[in-house]
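Q: Could you take a close look with me at one helix pair in this model and the nonpolar core around it? I'd love a connected walk through the packing.

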Amino acid sequence: MAGPAVQVPESLKEKAVTIIMPPSPTKTLKDAMSSPVREILTVQGQIIRDEAIKTVKVAQKDTKIRALTLEENGQTMELTLWRELSEQDLKIGQYIEVTHCLVSEWLRKKSLNSTRNTTIKAVQPKDMVVTGNVEALSMTDTHCEMCVKEDDIYKDFIVDLDMVRAQVQRYVEEAGTFNLQQLENMIVDKLLFPVKLVINGTTVISFELL
C-alpha cells in the first residue's frame, strides 16, 4: 500500500539542482585569472597549444588528461581536460566554449580543470577592440604588419593595406597617390601613433587612426 505523497518545497528542489549542476557564470580569461581558487566558471578562447594525452594515477587508477592553452584578447590560460573529455576532437586554431571549469592554482599560477559537468563546443570568435600605439610596422603590396602595444602587452596584426591607406588619407590627402615605399616611410616617421582595431579571431575587420 502506497504511503502519502511527499511535497518537496521548491526551494529544496532548486538547492538540489544547484548541487548537481552548479552555476557556471561566463568570464573572460583575464577575469578567470583573478578568480578565487575552486570557483566554477565558463570561458571561451582559441586553442593555441594542444599537448598529447597523458595517463596519470588518480586513486590508483589510470586516468587520461590533456592540457590545452586557450587565448582570448591577448590573455592565455591553461586548461586541463580529464577522462573522456581528453579524447574530444579538438584542434589548434579552434575557438571553443568550455563550461563548468574549476579554477586551480599551482606555484602561484592559475589554471582551469574540467569537471564532470563540463561541456565543450565550438563557437564563433567574438569581436575584440584593441587600442594602443603602433610600435613597429612593415608593408607588402597587399597588407601591413604592425605591432601594437596595449596595456604594456605587444600584439601583432596583419591589416589590409587599403584600410591603412584610407585612414592615412584622412590626414594627408595626397597619400592616395603615394607608392608603397613613400607610404611606409611617412608612417614610420610617425611611429608610436595611436590606433583602434576591431579583431574577429585573427582577422582585422576595421582599422582607425586616433
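A: Happy to! In this predicted model, α3 passes α4 in a left-handed crossing. Helix α3 covers residues 161-169 and helix α4 covers residues 180-188; their axes come within 12 Å and cross at roughly 60°. Because angles from 65 to 115 degrees would count as roughly perpendicular and those under 35 as roughly parallel, that crossing makes α3 oblique to α4.

Now to the side of each helix that meets the other. From α3, the contact is made by L161, V164, R165 and V168, and these meet L180, L183, M186 and I187 of α4. By class, the residues of this contact divide into 7 nonpolar, 1 charged and no polar.

Two of these contact residues, V164 of α3 and I187 of α4, lead us on to the core. The largest nonpolar core has 24 residues, and V164 and I187 are among those that touch the most other members, along with M146, F157 and L197. Both helices supply at least two residues each to this core, as do the strands β8 (127-139), β9 (143-150), β10 (153-160), β11 (194-200) and β12 (203-209). The largest share comes from β8, with 4 residues.

F157 is a good residue to zoom in on. Leaving aside residues up to four places away in sequence, F157 touches V130, C144, E145, M146, V148, L197, I199 and V204. Two of these partners, M146 and L197, appear with F157 in the list of core residues touching the most other members.

If you zoom back out, another core of 18 residues lies apart from this one, with L29, L41, L68 and L79 among its members.

Definitions and conventions
Residues are numbered from 1 along each chain as its sequence is written. This is a predicted model: local features need pLDDT of at least 70, side-chain atom pairs count only at pLDDT 80 or more; totals for chains, interfaces and linings use all residues. Side-chain values use heavy atoms; hydrogens and water are left out. Axes are lines fitted to C-alpha atoms, for helices over the stretch in contact, and angles run from 0 to 180 degrees between N-to-C directions. Angles under 35 degrees count as roughly parallel, over 145 as roughly antiparallel, 65 to 115 as roughly perpendicular and the rest as oblique. A crossing is left-handed if the near helix is turned anticlockwise from the far one by less than a right angle, and right-handed if clockwise. Contact means heavy atoms within 4.5 Å. Ala, Val, Leu, Ile, Met, Phe, Trp, Tyr, Cys and Pro count as nonpolar, Asp, Glu, Lys and Arg as charged, and the others, Gly among them, as polar. A nonpolar core is a set of buried Ala, Val, Leu, Ile, Met, Phe, Trp, Tyr and Cys residues joined through side-chain atoms within 4.5 Å. Buried means under 20% relative accessible area, exposed over 50%, partly exposed in between (1.4 Å probe, protein chains only).
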